[in-house]
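Here is a friendly walk through one protein chain, written for someone opening it for the first time. Have a look at the sequence and the model, then read on.

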Amino acid sequence: MSRRSFPLKAIFLILSLFFLDFYIIYGYFLGLIFTSTDSTSLFFVSAFVVNLFLIFPLMTKRDGASFYSIMYIAVYLIALVIFVGNLATTLLIVPSICAAFLALFTLRTGYKVTKGVSMVAVLVFMDFLGKVLVISPQQVPGPLTIQLLADRLTTVGLPVPITEYFGLFISTRYLDFITGPFEFLLFFFISSLLVENYHRIILLLTKKRSGLLTAGYGAVSALGCQCESAIGIFPAATLLVFNFLLVPFLLLSVVLLVLTYVMIVRYYEPRRFPKFPHIFSLKKRSKVMLIEVLIVLSQILVVAGIFFHLQDVPIFLFGTSMEMILNGFLAYYLVYILLPRRTIGPILATVLLILSVLSVLLWFIPGITIKAVTNPFWFSAMSYSAFMAGFMISIVYFSSSPYIGTAFIEAFAVSLGIIPIVIYYVVFSLQRSIWSFWTGAQQADLSIVLWIVMLPFMWLSTQKSLFESIRTHISVNTQVAEKAVESSGL
């Protein structure tokens with residue numbers, strides 16, 4: 001941020017705050033904003049927090065962070081104008097929005113338009129997916145009606161999630177909206193990190209490339225963004241559903257998004273190699289012993305679970321499937337390091353990828369799931385089907401070209417990552433039960449546990465694909481430089 005742009009930015013932000021705060025005070029005292037008695041103090045605290053988001057850019061020289069802070073508030077101000085539908089609201093909030101956008105364009109950060117559009121899309125998607133925003137034409141006491149969320153949930157007989165003890169329930173003639181301190185900050189961090197990571201990944205893998213190489217890296221970047229999206233957006237959808245596992249789950253998602261940003265800025269953009277891909281750098285004998293111990297211990301756990309009849313529990317049933325995928329993956333790795341290595345072509349790799357995905361997804365079909373629950377033979381068939389899925393995708397990863405291997409392992413992770421999202425959407429958005437022999441609570445627990453299991457693998461697959469892309473790029477540049485030196489006769 002230059003010194004010359006600071007006064008201009010300050011003027012625009014002060015104007016934006018003036019119109020916003022005038023609307024809040026004017027609206028409250030003249031009835032444009034109707035608050036229940038017990039929500040008034042919380043409403044003004046929330047207004048103060050919104051002020052802080054617009055003041056923050058005046059307190060930092062980081063234009064990137066300032067952009068997301070202003071943009072985040074601007075999105076909600078735009079929604080306020082659209083859904084309140086009141087002339088006084090429009091006359092006061094539109095100038096606030098305009099001043100905020102003028103402040104945005106004084107910031108020295110690139111791709112403002114695409115970042116802004118992306119942030120709007122992410123926030124709208126999260127709001128609708130998580131049902132924190134529901135379109136509902138209705139009669140309300142005031143153009144903008146605010147109540148305590150706890151009161152609203154208690155009235156309809158629902159428990160108050162631990163993240164929403166200080167939440168507000170906001171209603172207009174057209175919609176209901178839920179917000180609270182935890183959710184407000186969570187959505188800000190997720191949307192900002194997702195958009196920033198999107199742009200950095202795509203620019204990282206497509207910059208200064210052309211032709212087929214650009215198309216190939218574009219495919220990898222698209223897969224990377226799919227994983228980032230899944231890691232970030234699905235937690236927002238679960239915000240009002242879960243309780244016990246909710247906080248560590250959400251924190252894990254945010255931590256992984258932050259780590260992606262750190263890895264990109266510290267390693268991938270400077271073309272440096274992170275250390276974590278060298279986890280298989282143990283001696284061959286040590287690797288073989290470690291993998292064998294892991295496989296044996298996991299098999300013991302499966303047998304113990306069957307002994308206690310845990311196959312009736314959805315988390316154990318599908319947890320076993322995920323465990324067997326890992327076993328199959330490690331089993332082929334043993335073959336890979338102990339026997340002569342052979343390379344497979346892209347056609348065979350594609351076939352193995354499809355078969356591995358189908359071998360896992362097949363068992364989530366209710367008619368087939370019930371067989372695995374009630375019949376030991378079918379349970380064993382499910383386990384070994386998952387084992388073969390892991391074995392096949394391991395062949396693809398280790399025995400195909402580095403580009404195909406990293407791209408396909410990420411495609412496999414994304415395919416499995418869709419499963420908990422589908423479970424959530426069907427059970428909570430469509431209000432339907434996928435498996436009639438399990439309760440809704442069991443299916444809810446299943447979706448979040450599967451997601452917790454998938455998060456690290458999806459994150460690692462994204463990092464591995466980025467790492468391989470950077471390494472390939474450096475290798476290509478090195479070869480080009482060497483040929484140039486040879487041709488010059490130096």
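## Helices that cross

Helix α11 and helix α14 pass each other in a right-handed crossing; a crossing is right-handed if the near helix is turned clockwise from the far one by less than a right angle, and left-handed if anticlockwise. By class, their contact has 19 nonpolar, 8 polar and no charged residues. Here Ala, Val, Leu, Ile, Met, Phe, Trp, Tyr, Cys and Pro count as nonpolar, Asp, Glu, Lys and Arg as charged, and the others, Gly among them, as polar.

Before going further, a word on the model: it is predicted, local features need pLDDT of at least 70, side-chain atom pairs count only at pLDDT 80 or more, and totals for chains, interfaces and linings use all residues. Residues are numbered from 1 along each chain as its sequence is written, and side-chain values use heavy atoms, with hydrogens and water left out.

Now for three helix pairs side by side.

| Pair | Angle | Axis distance |
|---|---|---|
| α11 and α14 | about 40° | 6 Å |
| α2 and α3 | about 140° | 8 Å |
| α3 and α5 | roughly 50° | within 10 Å |

Axes are lines fitted to C-alpha atoms, for helices over the stretch in contact, and angles run from 0 to 180 degrees between N-to-C directions. Angles under 35 degrees count as roughly parallel, over 145 as roughly antiparallel, 65 to 115 as roughly perpendicular and the rest as oblique. That makes α11 oblique to α14. The label oblique also goes to α2 against α3, and to α3 against α5.

## The whole chain

Stepping back, the chain has 16 helices and 5 strands. Both kinds of element are DSSP runs numbered from the N terminus: helices are H or I with at least four residues, strands E with at least two. Of the 490 residues, 50% count as buried, where buried means under 20% relative accessible area, exposed over 50% and partly exposed in between (1.4 Å probe, protein chains only).

How much of the contact list links residues 24 or more positions apart? Among contacts with a separation of 6 or more, such pairs account for 76%; contact means heavy atoms within 4.5 Å.

The largest nonpolar core has 69 residues, and Tyr 268, Leu 317, Phe 318, Leu 416 and Leu 450 have the most contacts inside it. A second, separate core holds 60 residues, including Phe 67, Leu 92, Met 126 and Leu 168. A nonpolar core is a set of buried Ala, Val, Leu, Ile, Met, Phe, Trp, Tyr and Cys residues joined through side-chain atoms within 4.5 Å. Back in the largest core, Leu 450 touches Phe 318, Met 322, Phe 364, Ile 419, Pro 420 and Ile 423, leaving out residues up to four places away in sequence.

## Helix α3 and its partners

On one side of the story is α2, which passes α3 in a left-handed crossing. Val 50, Phe 53 and Leu 54 in α2 meet Ser 69, Ile 70, Tyr 72 and Ile 73 in α3. That contact has 6 nonpolar, 1 polar and no charged residues.

Ile 73 is a handy residue to click on in α3. Is Ile 73 buried or exposed? Ile 73 is buried, with a relative accessible area of 3%. Not counting residues up to four places away in sequence, Ile 73 touches Val 50, Phe 53, Leu 54 and Phe 184. Ile 73 and Phe 53 sit 20 residues apart along the chain, with 7.2 Å between their C-alpha atoms.

The crossing of α3 and α5 is right-handed. Among the residues making this contact are Phe 67 and Tyr 68 of α3, along with Lys 115 and Met 119 of α5. The tally by class is 9 nonpolar, 1 polar and 3 charged residues.

Tyr 68, also in α3, is buried at a relative accessible area of 5%. Beyond residues up to four places away in sequence, Tyr 68 touches Lys 115, Met 119, Phe 188, Ser 192, Val 195 and Glu 196. From Tyr 68 to Val 195 is 127 residues in sequence and 9.3 Å in space, C-alpha to C-alpha.

## Two loop residues

Leu 32 lies in the loop between α1 (5-30) and β1 (33-35) and is buried, with a relative accessible area of 11%. The C-alpha atoms of Leu 32 and Gly 142 are 6.0 Å apart, though 110 residues separate the two along the chain.

Tyr 111 is placed in the loop between α4 (87-104) and α5 (112-129). Its phi is near 55°, a positive value in a residue other than glycine. For background, most residues other than glycine have a negative phi.
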